[in-house]
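Student: Got a minute to go through this model with me? I'd like to talk about the strands and then the helices.
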Amino acid sequence: IITDSTNDLGRDLLEQLNIDVIPLTVNFDEESYLDSVEITTKELYEKVEAKGQLPKTAAVPIQKFIDVFEKYINEGYEIVYTGISKSLSRTFENAYFAAQEVNQEKIHFQRL
């Protein structure tokens, strides 16, 4: 199972179920952070309060999905991907395009 960093699953559950998380990028003006990698949720809220503004996010690039999908396909896995709604971000669409490039028959999508 692969998801993006907008999931609401706790770190323990992600590790227990071996769910791979691909981070979106969180942007505050000129500052960019990989969500849940370079900035925690607590730090994000602190920045929102200090700056008085909400951050913008950037979708996961298609190439990042290709890299992650290829890794698991090459290890013999089939993949289930679920992530942020396509009405909120291009991330889901980028994952779909990457699947077309890698092996669409072995990558399954769960739309929310």
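Student: In what sense do β3 and β5 pair, parallel or antiparallel?
Tutor: Antiparallel, over three bridges, with β5 covering residues 56-58. Thr25 stands opposite Ala58 of β5. Keep in mind that this is a predicted model.

Student: And how many bridges link β3 and β4?
Tutor: Four, and that pairing is antiparallel too. Val26 has Tyr33 of β4 as its bridge partner.

Student: Which residue takes a positive phi in the hairpin of β3 and β4?
Tutor: Asp29, with phi near 50°. The hairpin has two residues between the strands.

Student: Back to β3 for a second: which residues are on its covered face?
Tutor: Val26 and Phe28. Thr25 and Asn27 are on the uncovered face.

Student: OK, helices now. At what angle do α3 and α4 pack?
Tutor: About 50°, and their axes are 8 Å apart. Here α3 is residues 62-74 and α4 is residues 91-102.

Student: Why are they called oblique to each other?
Tutor: An angle of about 50° lies outside the ranges for roughly parallel (under 35 degrees), roughly perpendicular (65 to 115) and roughly antiparallel (over 145), so α3 and α4 count as oblique.

Student: Is the crossing left-handed or right-handed?
Tutor: The crossing of α3 and α4 is right-handed.

Student: Which residues make the contact?
Tutor: From α3, they include Phe65, Ile66 and Phe69. From α4, Ala95, Phe97 and Val102 are among them.

Student: How do the contact residues divide into nonpolar, polar and charged?
Tutor: Ten are nonpolar, two polar and two charged. Glu70 of α3 and Glu101 of α4 are part of the contact as well.

Note on methods. Residues numbered from 1 in each chain as written. Predicted model: local features only at pLDDT ≥ 70, side-chain atom pairs only at ≥ 80, totals over all residues. Heavy atoms only, no water. Axes fitted to C-alpha atoms, helices over the stretch in contact; angles between N-to-C directions. Left-handed = near helix turned anticlockwise from the far one by under 90°. Contact = heavy atoms within 4.5 Å. Nonpolar A, V, L, I, M, F, W, Y, C, P; charged D, E, K, R; others polar. Buried < 20%, exposed > 50% of the residue type's maximum accessible area, 1.4 Å probe, protein only. Pairing = 2+ DSSP bridges.
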